[in-house]
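Visitor: I should like to go through this protein chain with you, beginning with its charges and ending with a single residue. May we have it in view?

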Amino acid sequence: MLKVQEAVKFESDATSALTDLFDRIPITWIEGVRTHVRQGESEIDAIYDLRVGEQPFQLVCEFKTNGHLLAARRAIDQLKRSGRGAKTEALMFVAPYISEPARAACTDAGVNYFDLYGNFRIFMGSLFVEASVADKPAVEKRDLRSLFKPKSSRVLRWLLRHPGTPMRLKEIAEGAHVSLGQVHNVKEGLLAREWATATPDGVVLTDGDNLVDAWRQEYEAPPHKTRFYYTVLHGDALIDKLKGLMAPDKREPVLALGSYSAANWLAPYARTETTILYAWPEALPALEAALGLEPAAKGANVVVKVLDEETVLRDAMEVVDDLMVTSPIQTYLDLYASGDRGREAAEFLRHGGFGWPR
């Protein structure tokens, strides 16, 4: 019931806002607004009877409470089917907020759009007006960021391991160590943005590139506490000491090389003398003893990120016997977040270390 009330309120607010916009355009006059109009087997959400200069127009509007790409494509399809194709007819998609990919899809299809956040494009006869707002509403930001929270990111990480492969929700839940409900929520977010497709054989990640692009913009480092150390070990001697500590039970890693140190094994590009590690708290005493680590306020050559949550370690991979590094996606995100030099290293890894074309 609440969703129905919200939809009704949105349609009322959107109709008023669109009316106000036309009232501010000197060459347009509104002669009437009809809502929920039956036309054959279709119901049109709203039709604006307008004049643009001396020319009459009917603006056929489709309202959606979601402005993601998938919703836009559905609205475009509905508008194309319900419209009559007359020269004096124009089509419009209306939503609370319309994403940039959805706006582009409307433009490509020759459909106008309008949202309550200030984005619109209207092309009718001699009238062409357009505006865009750079920022996103808070709810849109929260919705996007929720996809990249630790538990949700486990689903993304699992899908990125198998791009193009259909997988059942249960299979994803078991592989990612999350609930079916968590997988369902992430799937819906991916489908709405057309980053994934639902098939009879399961969900398929189809647009890893745009997913990763969005993730790097919203990336937050996994919750951790950073410790700085100095060790006299380096090179092969240091690596040999690490190997016995990373996955002592041969199942779940408790320690993994990260950032530049991981990239050295995945796609070497920018080397650093500092060894960067992600560690589970219980692994810290053995690590300190094996490497002879001494706390260092300055001159540290070992940086350990002691994790509050295990997602990054669950995603780690073995590059040689007993040596674990963070996954390509985690390594990419960490590199990209580290600055200009790191971004160069990240893109080098992306070209060579991921399982989809760039």
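Visitor: How many Å apart are the mean positions of the positive and negative charges of the protein chain?
Guide: This is a predicted model, and the answer is computed from its atoms. The protein chain carries 43 positive and 50 negative charges. The separation between the mean positions of these two groups is 0 Å.

Visitor: Is the protein chain compact or more spread out, judged by its radius of gyration?
Guide: The chain has 14 helices and 16 strands. For 358 residues the globule rule gives 21 Å, whereas the radius of gyration is 26 Å, well over that value. The C-alpha atoms fill a box of roughly 85 × 40 × 35 Å along the principal axes. Because the radius of gyration exceeds the rule in this way, the chain, set against a compact globule, is more spread out.

Visitor: What percentage of the residues of the protein chain count as buried?
Guide: The accessible surface comes to about 17,900 Å², and carbon and sulfur atoms account for 51% of that area. A residue counts as buried when its relative accessible area is under 20%. Of the 358 residues, the share that meets this description is 47%.

Visitor: Which residue in S5 stands opposite Phe 93?
Guide: Strand S4 (residues 89-95) and S5 run parallel and are joined by four bridges. Both faces of strand S5 (residues 112-115) are covered, with Asn 112 and Phe 114 buried on one side and Tyr 113 and Asp 115 buried on the other. The residue that Phe 93 faces in S5 is Tyr 113.

Visitor: Which strand pairs with strand S10 over six bridges?
Guide: Strand S10 (residues 224-230) is joined to strand S13 (residues 294-295) by two antiparallel bridges, and Tyr 229 stands opposite Pro 295 there. In another antiparallel pairing, Arg 227 stands opposite Val 304. The partner over six bridges, covering residues 302-307, is strand S14.

Visitor: Is Gly 164 buried, exposed or partly exposed?
Guide: Gly 164 is placed in the loop between helix H5 (150-161) and helix H6 (169-176). Its relative accessible area is 49%. Buried requires a value under 20% and exposed one over 50%. Because 49% lies in between, Gly 164 is partly exposed.

Visitor: Which residues is Gly 164 in contact with, leaving aside its neighbours within four places in sequence?
Guide: The C-alpha atom of Thr 197, 33 residues away along the chain, is separated from that of Gly 164 by 9.6 Å. With the neighbours within four places set aside, the contacts of Gly 164 are Val 204 and Leu 205.

How values were computed. Residues are numbered from 1 along each chain as its sequence is written. This is a predicted model: local features need pLDDT of at least 70, side-chain atom pairs count only at pLDDT 80 or more; totals for chains, interfaces and linings use all residues. Side-chain values use heavy atoms; hydrogens and water are left out. The radius of gyration is taken over C-alpha atoms; the globule rule is 2.2 Å times the number of residues to the power 0.38. Buried means under 20% relative accessible area, exposed over 50%, partly exposed in between (1.4 Å probe, protein chains only). Accessible areas come from the Shrake-Rupley method with a 1.4 Å probe; for residues, only the protein chains shown count as cover. Lys and Arg count as positive and Asp and Glu as negative; His and the chain ends are not counted. The place of a charge is taken as NZ of Lys, CZ of Arg, CG of Asp or CD of Glu. Two strands pair if DSSP finds at least two bridges between them. Contact means heavy atoms within 4.5 Å.
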